[in-house]
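The exercises below are meant to be worked through with the sequence and the model side by side. Try each task before reading the solution that follows.

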Amino acid sequence: MENTPLGFLILALLVANCLALLLSRDWRWSLAALGAQYLLAFFLVSVYWPLELAAVKLVGGWMATAILGMSYLNMAEQPDESAGFPRSRGFLGLAAGLVIIIVVGAAPALAAWGRQFTGSEAWGGLLLIGLGVIQVGLGSRIFRIILGLLTLLAGFEILYASVETSILVAGLLAIVNLGISLIGSYLLLAPGMEPRS
C-alpha cells in the first residue's frame, strides 16, 4: 500500500482520527473515534493478513469499544473531564505535533530497516503507538488511559502483522484487547459498586 493514493488517504484519515481521539472531551465521540481507528487499522493489517484474519482484529476492536460504551452508559455519575494543563487542547495538540514529527523521521528508517512492511504500515503503527503513549502518560481518568492502551496496542498490531500471520497470534491479540476493555470497564464501574448498608 506504499505510495498509493489509498495508502495516503488511510494515513490522512488515521492522523485526523487520532487527533480527534486525543482532543475529544465527549466520551461518545471518543468511542466513535476508537471504532473508526479499528476500521483504519483493519485496512492496514489486511495488506499482510487474509481478510478473515484481519476481520478478527476489526471485530475484536469493535467489541472492546462496545464494552467500554456499555460501561460508560451504566455509570452512576459521569466524571467531569478537567481542561487543566495536561489535558488542555493546546498542550495535547503540541504533544501530538511532536509525535507526528518523530514519526515523519522514524517511519522511513523503520520501513527500510524492517523490510517486512511498507511505509504506510510503519507510519500508521508508529503514529498509533506514539499517540497511545501520550494518552496513557497524560491521562488523568481511567477511561482515557484505557483508550490510550487500546490505541497503543492497535499500533503494535499493525507493525506485528507484517512479521507474524498466525491465527493463534491474531486470536491472542483480540483477547488482549477484550481483556483491557473488560478491566477498564470494571475500573469504571467499581466506585459505584460499593455495598449499601
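**Exercise 1.** How do the residues of the lining of the largest cavity divide into nonpolar, polar and charged?

*Solution.* Before starting, keep in mind that this is a predicted model. The count comes to one cavity of 30 Å³ or more, and about 40 Å³ of space lies in the largest cavity. Next, list the lining, which is made up of C18, L21, L22, Q37, L131, Q135 and T151. Sorting these residues by class gives four nonpolar, three polar and no charged. As a last step, trace the lining back to the helices: helix 1 (5-23) and helix 5 (119-138) each supply at least two residues, and the largest share, three residues, comes from helix 1.

**Exercise 2.** Describe how helix 1 and helix 5 pack, giving the angle and the distance between their axes.

*Solution.* Two packed helices are described by the angle between their axes and the distance between the axes. For helix 1 and helix 5 the angle is about 5 degrees, and the axes lie 10 Å apart. Angles under 35 degrees count as roughly parallel, and helix 1 and helix 5 are therefore roughly parallel to each other. By class, their contact has 11 nonpolar, four polar and no charged residues. On the side of helix 1 the contact includes G7, L11, C18, L21 and L22, while on the side of helix 5 it includes W123, L131 and Q135.

**Exercise 3.** Work out how helix 3 is oriented towards helix 7 and towards helix 6, and list the classes of residue in each contact.

*Solution.* Begin with helix 3 (residues 51-73) and helix 7 (residues 167-189), whose axes come within 9 Å and cross at roughly 5 degrees. That angle makes helix 3 roughly parallel to helix 7. The residues of this contact divide into 14 nonpolar, six polar and no charged; among them are G60, M63, L68 and Y72 in helix 3, together with N177, S181 and L188 in helix 7.

Turn now to helix 6 (residues 142-161), which packs with helix 3 at an angle of about 180 degrees, the axes being 12 Å apart. Angles over 145 degrees count as roughly antiparallel, so helix 3 is roughly antiparallel to helix 6. Here K57, L68 and Y72 in helix 3 meet F143, I146, L147, L150, A154 and E157 in helix 6. By class, this contact has seven nonpolar, no polar and two charged residues.

**Exercise 4.** Which elements of the chain have the lowest and the highest mean pLDDT?

*Solution.* Start from the chain as a whole, where the mean pLDDT is 84 and 88% of the residues reach 70 or more. Then go through the elements: the lowest mean pLDDT, 84, belongs to helix 4 (residues 89-114), and the highest, 91, belongs to helix 2 (residues 27-45).

Definitions and conventions. Residues numbered from 1 in each chain as written. Predicted model: local features only at pLDDT ≥ 70, side-chain atom pairs only at ≥ 80, totals over all residues. Heavy atoms only, no water. Axes fitted to C-alpha atoms, helices over the stretch in contact; angles between N-to-C directions. Helix = DSSP H or I, 4+ residues; strand = E, 2+ residues; numbered from the N terminus. Parallel < 35°, antiparallel > 145°, perpendicular 65-115°, else oblique. Contact = heavy atoms within 4.5 Å. Nonpolar A, V, L, I, M, F, W, Y, C, P; charged D, E, K, R; others polar. 1 Å grid on protein atoms, 1.4 Å probe; cavity = no way out; pocket = protein on both sides within 12 Å on 5 of 7 lines; lining within 4 Å. Points joined across faces, edges and corners; volume = space filled by probe spheres on them. pLDDT = per-residue confidence, 0-100.
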